Amino acid sequence: SEAEYGAGAGSIMGCPMREVKNRRQKNLTDFKISPYLSARGNIANIFRGSTEEGYKAYHADKYDEDKNPNGIINFGTSENKLCFDLMSKRLTQTDMNLMEPPLLQYPDWKGHMFLREEVARFLTYYCKAPAPLKAENVIVLNGCGSLFSALATVLCDPGEAVLIATPFYGGITQSVFLYGNVKLVYAYLDSKITGTSTRPFQLTVEKLEKALQDARAEGVTVRALILLNPQNPLGDIYSLSELRDYLEFAKRHELHVIVDEIYMLSVFDESATSYFPGHLPVTVQHDALLRTCDWKLSHELANSESAL
Ligand SMILES: Cc1ncc(COP(=O)(O)O)c(C=O)c1O
């Protein structure tokens, strides 16, 4: 019951409490509440358990065309295996063995400057940035999850909220809500074409408005909007005009915008969109808006856990 998580846990945690109940109904013996963990610790444990279950099963019985044709194919984890050969070739070159004392010490807390400069150059080029990205505006953290937690912490106070369209990549719940103690307010996407939607699961400003107004009516302060582009799990890529609409919505309501472009460099059929995800229009930005671009090397290039 919610009581076991302490007063307020249900209201602060919203969705995960539902998750707790659903999972308990599924199998009451699956999840044991630890008296040694906090309410959040117990919920984190449930999250971990549910994602680990499938992952363990996959590792125990991996599909192989010849050796294990009935094995499990993992559709649940995004790893870019297409470039493994290129990566291993590059990573085994002798210049990768360079290890100087500064690399073994604490760097500038925003990341080593040489790395931030390289990332700035890389993103300027691949995002086709209208103006070069400045290295001093690049911060490197260990994974998007850490970035989401850090952003939730600096943009929202405990109990405040960020708006996000659902379904969305579930790790964000952990980073923002469990570690950042910040609520997620959902703009529900409908699989059916209804009202102003012209395609399944389409994100529209009306849906964002509704979610925001509903949250405000409940007394919830929403500080930011999270956009995933390309979207996981839907695979949607927002058109330029859609992005403008979302940004104008955020500007109208003085929301920060956090754009997770982790799959920015995925290759799309030309017909998918005329818009390149990293190339966000700057004109609709507002002083009050913080556009935080969240991009991760590992999903595009390698398995390294560096992220911007
Ligand atoms: C949209 C999106 N953002 C963030 C992440 C997670 O990134 P990280 O593993 O660096 O925390 C994923 C992982 O699949 C993702 O799909």
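1. Two strands count as paired when DSSP finds at least two bridges between them. That criterion underlies the strand pairings discussed below. The model is predicted. The protein chain has 308 residues, of which 24% count as buried. It holds 10 helices and 5 strands. Among its contacts between residues at least 6 apart in sequence, 62% join residues at least 24 apart.

2. Start with strand 1 and strand 2. Strand 1 covers residues 161-166, and strand 2 covers residues 183-188. They pair in the parallel sense, over 6 bridges. One position to check is Thr-166: its bridge partner in strand 2 is Tyr-188. Between the two strands the chain passes through helix 7, residues 171-179. This β-α-β crossover is right-handed.

3. Strand 1 also pairs with strand 3, residues 222-228. The two run parallel and are joined by 4 bridges. Here Leu-163 stands opposite Leu-225 of strand 3. Strand 1 thus has strand 2 as one partner and strand 3 as another.

4. Strand 3 has a further parallel partner, strand 4, residues 256-260. The two are joined by 5 bridges. Ile-226 faces Ile-258 of strand 4 across this pairing. Helix 9, residues 240-252, forms a right-handed β-α-β unit together with strand 3 and strand 4.

5. How far are strand 1 and strand 3 covered? In strand 1, 5 of the 6 residues are buried, which makes it mostly covered. In strand 3, 6 of the 7 residues are buried, so the rest of the structure largely encloses this strand. In a regular strand the side chains alternate between the two faces of the sheet.

6. The largest nonpolar core has 42 residues. Val-162, Leu-163, Leu-225, Ile-226 and Val-257 have the most contacts inside it. At least two residues each come from helix 6 (144-155), strand 1, helix 7, strand 2, helix 8 (205-217), strand 3, helix 9 and strand 4. Strand 3 gives the most, with 6 residues.

7. Leu-225 deserves a separate look. Which residues does Leu-225 contact, once its neighbours within four places in sequence are left aside? They are Val-162, Leu-163, Tyr-246, Ala-250, Leu-255 and Val-257. Leu-163 is also the residue that stands opposite Leu-225 in the pairing of strand 1 with strand 3.

8. The ligand is surrounded by 12 residues. Gly-143, Cys-144, Gly-145, Tyr-169 and Asn-232 are the closest. By class, the shell divides into 5 nonpolar, 5 polar and 2 charged residues.

9. The loop between strand 3 and helix 9 should be inspected for its peptide bonds. Pro-230 lies in this loop, and so does Pro-233. The bond joining Asn-229 and Pro-230 is cis, with omega about -5 degrees. The bond from Asn-232 to Pro-233 is cis as well, with omega near 20 degrees. Asn-232 also appears among the closest residues to the ligand.

10. Is Pro-230 buried or partly exposed? Pro-230 has 19 C-beta neighbours inside 10 Å, so it counts as partly exposed. The cut-off for buried is 20 or more. Pro-230 and Val-259 are 29 residues apart along the chain, and 9.8 Å separates their C-alpha atoms.

11. Two residues other than glycine have positive phi values that call for a check. Lys-128 has phi near 50 degrees. Lys-128 sits in the loop between helix 5 (113-126) and helix 6. Only 12 or fewer neighbours qualify a residue as exposed; Lys-128 has 10 other C-beta atoms within 10 Å, so it is exposed.

12. Phe-201 is not a glycine either, and its phi is positive, about 60 degrees. Phe-201 lies in the loop between strand 2 and helix 8. With 19 C-beta neighbours inside 10 Å, Phe-201 counts as partly exposed.

Technical notes
Residues numbered from 1 in each chain as written. Predicted model: local features only at pLDDT ≥ 70, side-chain atom pairs only at ≥ 80, totals over all residues. Right-handed = clockwise from strand over helix to strand, strands pointing away. Near = placed C-beta within 6 Å. Nonpolar A, V, L, I, M, F, W, Y, C, P; charged D, E, K, R; others polar. Core = buried A, V, L, I, M, F, W, Y, C linked by C-beta atoms within 7 Å. Contact = placed C-beta atoms within 7 Å.
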